[in-house]
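This report walks through one molecular model, beginning with a pair of strands and then turning to the spaces between the atoms. Please keep the sequence and the 3D view at hand while reading.

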Amino acid sequence: MNKIPNRQVICDTLLDLARDDRDIMVLASDSRGSAAMAPFANTFPEQFVEVGIAEQNIVGMSAGLAHSGKKPFVTSPACFLSMRSIEQVKVDVAYSRTNVKLIGISGGISYGALGMSHHSVQDIAVARAIPGLAIILPADRHETKKLTEALVKYNGGVYVRIGRNPVEDVYESDDYSFEIGKAVTLKKGTELTIIGTGETVRIALDAANALADEGVSARVLNMHTIKPLDKEAILMAARETGRIITVEEHSIHGGLGAAVAEVVVQNHPVPIKILGIPDEPAIAGKTAEVFEHYGITQQNIKQIALDMIGKAGTV
Amino acid sequence: MDIQELKVKAAQIRMELLTIIHRAQTGHTGGSLSNTDILTALYYDVMNIDPARPQWEDRDRFIASKGHSVESLWCVLADLGFFPKEELETYSQFGTRLIGHPNNKVPGIEMNTGALGHGLPISVGMALAAKRDNRPYRVFCLMGDGEQAEGSNWEAAMAGSHYKLDNLVGIIDRNRLQISGSTEEVMGLEPLEEKWAAFGWNVVAVDGNDIEQLLQAFHAVPEASGKPTLIMANTIKGKGVSFAENVPAWHHHVLNDEELKLALAELQGTIQQLTQEGQVH
């Protein structure tokens, strides 16, 4: 089992890249520990900026740094970065077209027992409404590495959301093609498509494997980029498999499922089941426990899939 | 330009901004008039800029945090040749670049502003970048006084002194009026100079409608090494048009034909007087 959380992968990758690119900067809001950025702060103090607990300021300052040619990576808890500073994201990053990378750490329900104040399950919805802002959730440590490398080359505002704890690998290595805005087909299938994003991709893949054992052919899409959304991959899934299940660590309002549904109903309507956190303050507990409570599990996805295709389940 | 010429320039900018606001029948008249002398001092004397090279790397940066008073800035930038002067006629018209807030699609505008409390954090980032790269440019951030109620300013004030940004100059257009009335009635700010000093800034108070005092203050920066400077520019809202001065309603009052005629005549009189004084000297 992988023991490296994605936040550490971001730090390791930036440490590698910052040696040759002195414009890369990391900013933290008293979060260098929680963002696993202490090694970066210690190695490149001239490329590190501490702003204290001030999320509005961290985004505004980053926009100013980016305007002066820097490549700032803001590393701050997703719950605060996506909400406390959203006007700065809208105006200083998106509207002013500055090259700021917003890395929301400990997103979703990573801070399980800390309650709704620390859960970040509205961030995708909020970020999606901002024009020009890319939104990306990497699935595992391999994808996080490839994403971080891609972000350094990408010129523009991006919101990235990662979780707190190590997640099981989806990929065997980082030897695959990663392109911002392009979904990855992890498993071919014909009877339905399961679309995951970020750390739910592994669950989607496990569910598809379990369905294969039942003789059901499920396609799996890793929709790492929520915006700009890979409409082509979604419509191909709608046309070719006729049924879609989306799985996300986010409110069912305004997230991956909503984004997929918007594309599907306007172009090629097919049944869609959206799995996520219902419209309530999420229950407290470990991520796995919360997922279990809301049915964000391999077993539940399998059951829903069997129901959708009209086969009696044997779960 | 000498002081007399700068004063004439400020009066001309005032005439121009009143004209574009009147033509468009929209705008923030009072705040634009109050900060005209500050912009004139900065753009025609203090700042190291080149209108022919708006992206020149070592240019001084100006951030209009009180973005709603953009009309004076549009008139200054057009006058300096950042964009054609005729374009001022499109101010606030459908599809224009010259909207009611700074827009960085226009040469000379660094960042889009308009939401209050954003300018100083951005300016801190720019000044920090200059320090880290050993670049000589300075960053000037013009804030409103009503805007001081935004907490983000104080986050940035802390960061500015923490990082010892003596290449950063904050300016408060202290005209003591905001949209709902007196700043002290809406949300008391005083003692405002002491607050900035307590946050580690070097504070200088001037008459913000006196170009001579403004130049003196700007050229003395940094007075204290390792400290950002806050220039408390005590101004009069509506300055230059006697019947608009210190009247809260002129925050976004737009002039009718008669008011425009009277205002332009008054400013024309100011220019004549300045010119005569200049000849006497």
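In chain B, strand 6 (residues 202-207) and strand 7 pair in the parallel sense, and six bridges hold the pairing. The model in which this pairing is seen is a predicted one. Within it, B:Val204 of strand 6 has B:Ile231 as its bridge partner in strand 7 of chain B. The two strands are also connected along the chain, since strand 6, helix 8 (residues 211-220) and strand 7 of chain B make a right-handed β-α-β unit.

How much of strand 7 of chain B is buried? Five of its six residues are, and therefore strand 7 of chain B is largely enclosed by the rest of the structure.

**Strand 3 of chain B and its neighbours**

Strand 7 (residues 229-234) of chain B is also joined to strand 3 of chain B, again by six bridges and with the strands running parallel. Two places along this pairing can be found in the 3D view: B:Gly170 has B:Leu230 of strand 7 as its bridge partner, and B:Val169 stands opposite B:Thr229 in strand 7 of chain B. It is useful to recall that strands of a sheet pair through backbone hydrogen bonds, either parallel or antiparallel.

Strand 3 of chain B is joined as well to strand 2 (residues 139-144) of chain B, where six bridges link the two strands and the direction is parallel. In this pairing B:Gly144 has B:Asp173 of strand 3 as its bridge partner. A right-handed β-α-β unit is found here too, made by strand 2, helix 5 (residues 151-162) and strand 3 of chain B.

Strand 3 (residues 168-174) of chain B is mostly covered, with seven of its seven residues buried. In a regular strand the side chains alternate between the two faces of the sheet. In strand 3 of chain B, the residues B:Leu168, B:Gly170, B:Ile172 and B:Arg174 point one way, while B:Val169, B:Ile171 and B:Asp173 point the other way, and all of them are buried.

**A sheet in chain A**

In chain A, five strands form an open sheet in the order 7-9-8-11-12, and the pairing in this sheet is mixed. Its edge strands are strand 7 (184-187) and strand 12 (272-277) of chain A, each of which pairs on one side only. If direction is ignored, neighbouring strands of this sheet are turned by 25° against each other on average. One of the pairings joins strand 8 (residues 192-196) of chain A to strand 9 (residues 218-222) of chain A, which run parallel and share five bridges; in strand 9, the bridge partner of A:Ile195 is A:Leu221.

**Pockets and cavities**

The table sets out how the residues that line four of the spaces in the model divide by kind.

| Space | Nonpolar | Polar | Charged |
|---|---|---|---|
| Largest pocket | seven residues | seven residues | eight residues |
| Second largest pocket | six residues | nine residues | eight residues |
| Largest cavity | seven residues | two residues | five residues |
| Second largest cavity | four residues | seven residues | four residues |

The largest pocket holds about 560 Å³ of space. Its lining consists of 22 residues, and those nearest its centre are A:Val167, A:Ile203, A:Thr287, A:Ala288 and A:Phe291. Helix 8 (201-213), helix 11 (287-294) and helix 12 (298-308) of chain A are the elements that give two or more residues to this lining, and the largest share, four residues, comes from helix 11 of chain A.

The second largest pocket has a volume of about 380 Å³. It is lined by 23 residues, and nearest its centre lie A:Ala66, A:His67, A:Ser68, B:Gln55 and B:Arg59. Two or more residues of this lining are given by helix 3 (55-67) of chain A and by helix 4 (119-132) of chain B.

The structure also holds five cavities of 30 Å³ or more. The largest cavity contains about 100 Å³ of space, and among its 14 lining residues the closest to its centre are B:Pro54, B:Arg59, B:Phe82, B:Gly108 and B:Glu110. The second largest cavity has a volume of about 90 Å³, and of the 15 residues that line it, A:Leu137, A:Arg161, A:Gly198, A:Glu199 and A:Glu249 are the closest to its centre.

Terms used. Residues are numbered from 1 along each chain as its sequence is written. Chains are lettered from A and ligands numbered from 1 in the order in which they are written. This is a predicted model: local features need pLDDT of at least 70, side-chain atom pairs count only at pLDDT 80 or more; totals for chains, interfaces and linings use all residues. Side-chain values use heavy atoms; hydrogens and water are left out. On a 1 Å grid over the protein atoms alone, a cavity is a set of points where a 1.4 Å probe fits but cannot get out, and a pocket is an open set with protein on both sides within 12 Å along at least five of seven lines; lining residues have an atom within 4 Å of a point. Grid points are joined across faces, edges and corners, and a volume is the space filled by probe spheres set on the points. Ala, Val, Leu, Ile, Met, Phe, Trp, Tyr, Cys and Pro count as nonpolar, Asp, Glu, Lys and Arg as charged, and the others, Gly among them, as polar. Buried means under 20% relative accessible area, exposed over 50%, partly exposed in between (1.4 Å probe, protein chains only). Two strands pair if DSSP finds at least two bridges between them. A crossover is right-handed if, with the strands pointing away from the viewer, the path from the first strand over the helix to the second runs clockwise. Axes are lines fitted to C-alpha atoms, for helices over the stretch in contact, and angles run from 0 to 180 degrees between N-to-C directions.
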